[in-house]
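Hi there,

Here is the structure I promised to pass on to you. Have a look at it first, and then read my notes below.

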Amino acid sequence: MVEQRFGEFVVVRRHGHVAELVLDRPKAMNAVSTEMARSIGAACAALGGDQGVGQGVRVAVLTSTHPRAFCVGADLKERNSLSDAELVRQRPTARVAYTGVLELPMPTIAAVHGFALGGGFELALACDLIVADRTAVVGLPEVSVGVIPGGGGTQLLPRRVGAARAAELIFTARRVEAPEARELGLVDQLVDEGADRDEALALAARIAANSPVGLRAAKRALRLGHGLDLRAGLEVEDAAWRSVAFSGDRAEGVAAFNEKRPPEWPGE
C-alpha cells in the first residue's frame, strides 16, 4: 500500500486503483481548521492529476481515523479567534477544500460513522455516494451558530433530497440519525456499526473494475447534466459519449466482451 501525507491532518492511501483520502485530526474530531482545509485541497489536487498519487486512480474514498466522528465541521475554536479581516482571508482556503472534493474527476464515496455535521456533512455531500454505519449522525446546524452552510450544503442537499426537505433540515438545524438519514436519502447505503470503511472500499473496488475513461465521462455527464432541461442534458450526454466512443478503453471493452475475458483497460 502506497501512502502519502499532506500536512499534519490528511493522508492518501492507495489500494490498487482506489485512493483513500483519510481525515486524520483525531484530537479535534476532524474539525476543519485552516491548515486542514489547505491539506484537503492539496490532496484533492494531487488525486485529480494524472501523475504521482493521482496516477491510475479510478475511485476515491473519503474516510476518517476518529472512532466517533467522520468530521464535526469547521474548527469553531479557530474561527472564534479570527478577526473579520482574517475570516475573509481564510474563506478561499476553506472553499478549496470543499470544491476540491466536489471536483474530483473520478467517482467518490464517503464512508461515514459517528458525527458528520456542518462542513463535515458537506464533505460527504460533495461525494457521489455516501456509505454510513448505524452510528452516523448527520446535519447542517450552521444557522444555530449564526451562519449558513458555506461548503456547498445549500446547493448539494436540495439536489439530494429536494428543496422543501433541504429547507426543513437547514432551517431547523436538526441532527438526523442513521435510520432516518437513509430513509430521507441523506445517505445511500446503511451498514452495520464499524463497517462503513470496509463497505465503501469494497464498493469502490467494484466500481474500479470498470473503464476509468468511462467512469470519468459518466460522472462528468451526471454532474454537468443535473438541473438542465432534458434536451440540454442529452447534449451533455452526447458530448461525454463522443469523448469515450473512440477511446482505447472502448476498443478494449468491446474486444474483451467478445473474447469472453476480463478487460485490461488502457485508461485512455
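Searching the whole structure, which is a predicted model, turns up zero disulfides. Cysteine 44 takes part in no disulfide, and the nearest cysteine sulfur to it, that of cysteine 127, is 8.7 Å away. A disulfide needs two cysteine sulfur atoms within 2.5 Å, so this pair does not qualify. Looked at from the other side, cysteine 127 is in no disulfide either, with the sulfur of cysteine 44 as its nearest at 8.7 Å.

Are these two cysteines buried or exposed? Cysteine 44 has a relative accessible area of 4%, so it is buried. Cysteine 127 is buried as well, with a relative accessible area of 5%.

Both cysteines turn up again in other contacts. Cys127 is one of the residues touched by threonine 108, which sits in strand β6 (residues 108–112). Threonine 108 counts as buried, at 1% relative accessibility. If you set aside its neighbours within four places in sequence, the contacts of threonine 108 are Ala60, Ala126, Cys127, Asp128, Leu129 and Lys219.

Cys44, for its part, belongs to helix α1 and is among the residues there that meet α3. The axes of α1 and helix α3 (residues 84–102) come within 8 Å and cross at roughly 40°. The two helices are therefore oblique to each other, and the crossing is left-handed. On the α1 side you will find Thr34, Ala37, Arg38, Ile40, Gly41 and Cys44, and they meet Gln90, Thr93, Ala94, Val96, Ala97, Gly100 and Val101 in α3. Sorted by class, this contact has seven nonpolar, five polar and one charged residues.

Next, please look at two more helix pairs.

The axes of helix α5 (residues 153–161) and helix α6 (residues 163–172) come within 7 Å, crossing at roughly 130°. That angle makes α5 oblique to α6, and their crossing is right-handed. Here Gly153, Thr154, Leu157, Pro158 and Val161 in α5 meet Ala163, Arg165, Ala166, Leu169 and Ile170 in α6. The residues of this contact divide into seven nonpolar, two polar and one charged.

How do the axes of α9 and α10 cross? For helix α9 (residues 212–225) and helix α10 (residues 230–245), the axes come within 9 Å and the angle is roughly 165°. That makes α9 roughly antiparallel to α10. The crossing of α9 with α10 is right-handed. From α9, the residues Val213, Gly214, Ala217, Arg220, Ala221, Leu224 and Gly225 meet Val236, Glu237, Ala240, Ser243 and Val244 in α10. The contact of α9 with α10 splits into seven nonpolar, three polar and two charged residues.

Finally, a look at a loop. Where is proline 26 found? Proline 26 lies in the loop between β3 (18–23) and α1 (34–48). With a relative accessible area of 38%, proline 26 is partly exposed. Proline 26 touches Thr65 and His66, not counting residues up to four places away in sequence. You can also trace from proline 26 to alanine 217: they are 191 residues apart along the chain, and their C-alpha atoms are separated by 36 Å. Ala217 is one of the α9 residues that meet α10.

Enjoy exploring, and write back with any questions!

Best wishes

Technical notes. Residues are numbered from 1 along each chain as its sequence is written. This is a predicted model: local features need pLDDT of at least 70, side-chain atom pairs count only at pLDDT 80 or more; totals for chains, interfaces and linings use all residues. Side-chain values use heavy atoms; hydrogens and water are left out. Axes are lines fitted to C-alpha atoms, for helices over the stretch in contact, and angles run from 0 to 180 degrees between N-to-C directions. Helices (H or I, at least four residues) and strands (E, at least two) are DSSP runs, numbered from the N terminus. Angles under 35 degrees count as roughly parallel, over 145 as roughly antiparallel, 65 to 115 as roughly perpendicular and the rest as oblique. A crossing is left-handed if the near helix is turned anticlockwise from the far one by less than a right angle, and right-handed if clockwise. Contact means heavy atoms within 4.5 Å. Ala, Val, Leu, Ile, Met, Phe, Trp, Tyr, Cys and Pro count as nonpolar, Asp, Glu, Lys and Arg as charged, and the others, Gly among them, as polar. Buried means under 20% relative accessible area, exposed over 50%, partly exposed in between (1.4 Å probe, protein chains only).
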